Amino acid sequence: SSAGSTAGANGGNVTLITTVGGITTASSTTILTSGGNGAGATSNGGNAGTVTFESNGTSVGLSGSITGVGGTGTGTAGTGATVNLGLVTSAATKVGAVTQPAGGITADTLNVQSSTGSVSVNSATNDLAKLGTIVTTGGDFTYVDSTALDASAGTITTSGTSGATGTVGGN
């Protein structure tokens with residue numbers, strides 16, 4: 001930004017973590033991280049923060065709204081949020097089955113790392129710019145969006161779970 005212009009501030013990150021029992025958001029739950037608007041002749045908008053759910057392979061139920069939009073300005077607009085349903089770093093940071101009986105997600109990118117169960121993010125009010133990296137083990141992936149969706153840069157991988165090891169024949 002030039003003299004007399006102020007860039008919008010970046011939004012904060014939101015992280016929800018549990019190790020047992022899963023995570024459920026009610027229809028009244030609102031998660032909002034937005035970039036601030038710039039001010040002045042050549043100002044840029046701030047970027048939205050990141051929203052992350054980590055549930056140690058237990059279920060996640062999304063019924064509220066998750067909104068992460070970039071701020072505006074006379075220069076470059078800020079980037080919308082990345083929503084991470086699980087992280088690739090360890091089993092504890094992944095989610096299990098994900099359902100979305102209500103609510104909606106408005107953000108830039110959705111990434112999924114599910115270690116167990118299907119992931120269904122299927123509210124007709126979802127509005128993402130693109131899908132990022134989607135990985136489900138032992139389940140399907142379903143996504144519904146209210147506008148055009150860019151999946152060209154992302155990857156979607158669904159795989160079966162590995163069988164348990166043990167002694168054949170017992171005794």
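A salt bridge is counted here when a side-chain nitrogen of Lys or Arg lies within 4 Å of a carboxyl oxygen of Asp or Glu. In this predicted model, the side chains of D108 and K130 meet that condition, with an N to O distance of 3.0 Å. The structure holds one salt bridge, and the points below take up that pair, a buried acidic residue without such a partner, the largest nonpolar core, and a residue of strand β8.

**The salt bridge**
- D108 lies in strand β9 and K130 in strand β11, so the pair ties together parts that are 22 residues apart in sequence.
- D108 counts as buried because its relative accessibility is 15%, which falls under the 20% cut-off.
- K130, at 29% relative accessibility, counts as partly exposed.

**A buried glutamate without a salt bridge**
- E54 is placed in strand β4, which covers residues 51-54.
- Although E54 is buried, it has no salt bridge, and the nearest side chain of opposite charge, that of K94, is 12 Å away.
- When residues up to four places away in sequence are not counted, E54 touches T15, L16, I17, T18, I23, L87, A92, T93 and K94.

**The largest nonpolar core**
- In soluble globular proteins, nonpolar side chains tend to be buried together.
- The largest nonpolar core here has 24 residues, of which F53 and L85 touch the most other members.
- Strands β4, β7 (82-85), β9 (104-114), β10 (119-121), β11 (127-137) and β12 (141-143) each supply at least two residues of this core, and β9 gives the most, with four residues.
- Outside its neighbours within four places in sequence, F53 is in contact with a set of residues that includes L85 itself, together with L16, I23, T25, I31, V60, L62, I66, N84, G86, T93 and V95.
- L16, I23 and T93 are among the contacts of F53, and these residues are also among those that E54 touches.

**T99 in strand β8**
- T99 belongs to strand β8, made up of residues 98-99, and counts as partly exposed because its relative accessibility is 44%.
- Although T99 and G61 are 38 residues apart in sequence, their C-alpha atoms are 5.0 Å apart in space.
- With neighbours within four places in sequence left aside, T99 is in contact with V60, G61, L62 and S120.
- V60 and L62, two of the residues in contact with T99, are also among the contacts of F53.

Definitions and conventions
Residues are numbered from 1 along each chain as its sequence is written. This is a predicted model: local features need pLDDT of at least 70, side-chain atom pairs count only at pLDDT 80 or more; totals for chains, interfaces and linings use all residues. Side-chain values use heavy atoms; hydrogens and water are left out. Buried means under 20% relative accessible area, exposed over 50%, partly exposed in between (1.4 Å probe, protein chains only). Lys and Arg count as positive and Asp and Glu as negative; His and the chain ends are not counted. Contact means heavy atoms within 4.5 Å. A nonpolar core is a set of buried Ala, Val, Leu, Ile, Met, Phe, Trp, Tyr and Cys residues joined through side-chain atoms within 4.5 Å.
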